[in-house]
Amino acid sequence: MDFELIKFLNANSFNNVWFWVLVSIIWVTIINCTFGVTISQIQKAQLSGGTALIDIETIILINSRRRTEYIDEFGLWIISIGMFLLSASATLGFWFSYEFMQASTFLLILLYYSYISTLRLASKIKTKKLSGNDLCTAYLKCKNQKQFFGLLIILFISFFSSYYSIILG
């Protein structure tokens, strides 16, 4: 019984449904909610304006200020640890041919790009002092960039997994 459960939850393959569920959850989460604000809240604030726009602006400004403060204080450590994890995952995955680490590398690339684009948006908000509809437009542009990059990564993962399944294994 235990062996069948382990076999069912085996994450050593790109063909596993759990890997694709994880990819979809990560992709939807990083695209839909940046700075604690969902896309539907942004669209509602753009349409109605008034207090909804002020509330969204306040939430985004607070969270972007927090992110820039964290980066100013711990940025070197955050980037160093992130790059270490990415390079260790890539080395284990592609040099030593661990399929699970190859999948982890692709997920880390997606997460790292999302984090970098969110930090770029936070920096842009801080330097240009964006507010109102300009802030909402910049937020939606960042979301679209993440969505496009996520789509490219998912396509690349699917092509790589097909290649891995057919040619290598």
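Let's start with one residue: Phe84 is exposed, with a relative accessible area of 56%. Here exposed means over 50% relative accessible area, buried means under 20%, and partly exposed lies in between (1.4 Å probe, protein chains only). Before going on, keep in mind that this is a predicted model, where local features need pLDDT of at least 70 and side-chain atom pairs count only at pLDDT 80 or more, while totals for chains, interfaces and linings use all residues. Residues are numbered from 1 along each chain as its sequence is written, and side-chain values use heavy atoms, with hydrogens and water left out.

Now step back to the whole chain. It has 6 helices and 2 strands, arranged along the sequence as α-α-β-β-α-α-α-α. Helices (H or I, at least four residues) and strands (E, at least two) are DSSP runs, numbered from the N terminus. Of the 169 residues, 34% count as buried.

Phe84 sits in helix 4, and it has company: Tyr70, Phe74, Trp77, Ile78, Ile81, Phe84 and Leu85 form a nonpolar surface patch with about 770 Å² of accessible area together. Residues in a patch have over 30% relative accessible area and no salt bridge, and nonpolar side chains (Val, Leu, Ile, Met, Phe, Trp, Tyr) are joined within 5 Å. The areas come from the Shrake-Rupley method with a 1.4 Å probe; for residues, only the protein chains shown count as cover.

Next, the salt bridges, of which there are 2. The term means a side-chain nitrogen of Lys or Arg within 4 Å of a carboxyl oxygen of Asp or Glu. One joins Glu69 and Arg65 (4.0 Å, N to O); these two are 4 residues apart in helix 4, so about one helical turn separates them. Asp72 and Lys126 also meet in a salt bridge (3.6 Å, N to O). That pair links distant parts of the chain, with Asp72 in helix 4 and Lys126 in helix 5, 54 residues apart. Asp72 is exposed at 60% relative accessibility, while Lys126 is partly exposed at 46%.

Arg65, Glu69 and Lys126 turn up again among the residues lining the largest pocket, which has a volume of about 210 Å³. A pocket is an open set of points on a 1 Å grid over the protein atoms alone, where a 1.4 Å probe fits, with protein on both sides within 12 Å along at least five of seven lines; lining residues have an atom within 4 Å of a point. Helix 4 gives the most to this lining, with 5 residues.

Notes
Grid points are joined across faces, edges and corners, and a volume is the space filled by probe spheres set on the points. Patches are made of residues with over 30% relative accessible area and no salt bridge: like charges are joined within 9 Å, nonpolar side chains (Val, Leu, Ile, Met, Phe, Trp, Tyr) within 5 Å.
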